[in-house]
Number of protein chains: 2
Amino acid sequence: MERITKKDRRYMQVAIELSIENIENGGGPFGAVIVRDDKIVATGTNRVTSDNDPTAHAEVNAIREACAREKNFKLDGCTIYSSCEPCPMCLAAIYWAGISRVFYGNTQQDAEEIDFGDKFIYEEIARNPESRSIPMRMIMREEALRAFTEWKEKEDKIPY
Amino acid sequence: MERITKKDRRYMQVAIELSIENIENGGGPFGAVIVRDDKIVATGTNRVTSDNDPTAHAEVNAIREACAREKNFKLDGCTIYSSCEPCPMCLAAIYWAGISRVFYGNTQQDAEEIDFGDKFIYEEIARNPESRSIPMRMIMREEALRAFTEWKEKEDKIPY
């Protein structure tokens, strides 16, 4: 990764300010900014409790907004600045979105100390489905495969 | 995990039907159903390309809808039936939502065969931030920590 520039610090500063303001606005202490070609495309804050949406983390919200603005489901070439190291959900969303670079401020350990720990989820994801703490079981695979067969045969699909 | 019941098969059948219908509706071949107390609380399908939202997987959409309906950011006691094994984003969302049980039809390998592979993301998540394929770097931790300190000191916060 190339060296950290003044601009990188400036965008991270915006993410940090969002994380602080968001506490006063009834959300969690997290903010994120998505930048393309030296322009802020979207910002996001943690709105889990205020929006009743467990997926409304700062990074996910910023990704959703950036994609809506760009009318695209991919964000290749974009950089995300997050006030905190992404949780596994946000990290996977970053991969699905094709974001090119990630900067973060607070670490997973810092988050753990204010009871926003995601270490447990990182550990669970690394396990086999059968040995996770939430019971997980495969059923009706043969029936479910029908959708995949139809997808495979469909000619005018949008792959991603 | 207790044995599979007729009801479990019936709900999975709904998820599978959604996954098949969704192909015709311009989405990906994935469907999910969230059930509480033997009632469907919400359903979801993959709307990534149709909604320009890389986070719009069937499970995430079902979780968001269930939470909106229940006006709660937690879904403890609910079961999710997904036509396919959840990707890391959806799996982490399931943990954040506190869902109690997961049934899935198609496996990760089945998804891989129709080019919806998430094995790569599972592998990346297990790595240290510095050794992931998307460059990830910590900057300005001291500044970012301010939000966490303010959060810690806030008295009327909603923890989760």
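**Close-up views of a sheet shared by chains A and B**

**View 1. Helix H7 of chain A on the sheet.** In this predicted model, H7(A) lies across E5 of chain A together with E3 and E4 of chain B, and its direction makes an angle of about 60 degrees with E4(B).

**View 2. The open sheet and its edges.** The sheet is built from 5 strands with mixed pairing, and it is open, with the order E5(A)-E4(B)-E3(B)-E1(B)-E2(B). Its edge strands, each of which pairs on one side only, are strand E5 (136–138) of chain A and strand E2 (39–45) of chain B. From one strand to the next, the twist averages 20 degrees.

**View 3. Pairing of strands E3 and E4 of chain B.** Strand E3 (residues 79–84) of chain B pairs with strand E4 (residues 101–106) of chain B in the parallel sense, over 5 bridges. Within this pairing, Ile80(B) has Val102(B) in E4(B) as its bridge partner.

**View 4. Helix H1 of chain B on the sheet.** H1(B) lies across strand E1 (31–36), E2, E3 and E4 of chain B, and it runs at about 150 degrees to E1(B).

**View 5. Helix H7 of chain A beside helix H1 of chain B.** The axes of helix H7 (residues 141–153) of chain A and helix H1 (residues 6–24) of chain B come within 8 Å and cross at roughly 10 degrees; because angles under 35 degrees count as roughly parallel, H7(A) and H1(B) are roughly parallel to each other. On the H7(A) side the contact is made by Glu143(A), Ala144(A), Arg146(A), Ala147(A), Glu150(A) and Trp151(A), and on the H1(B) side by Ile16(B), Ser19(B), Ile20(B) and Ile23(B). By character, the residues of this contact comprise 6 nonpolar, 1 polar and 3 charged.

How values were computed
Residues numbered from 1 in each chain as written. Chains lettered and ligands numbered in written order. Predicted model: local features only at pLDDT ≥ 70, side-chain atom pairs only at ≥ 80, totals over all residues. Axes fitted to C-alpha atoms, helices over the stretch in contact; angles between N-to-C directions. Helix = DSSP H or I, 4+ residues; strand = E, 2+ residues; numbered from the N terminus. Parallel < 35°, antiparallel > 145°, perpendicular 65-115°, else oblique. Contact = placed C-beta atoms within 7 Å. Nonpolar A, V, L, I, M, F, W, Y, C, P; charged D, E, K, R; others polar. Pairing = 2+ DSSP bridges.
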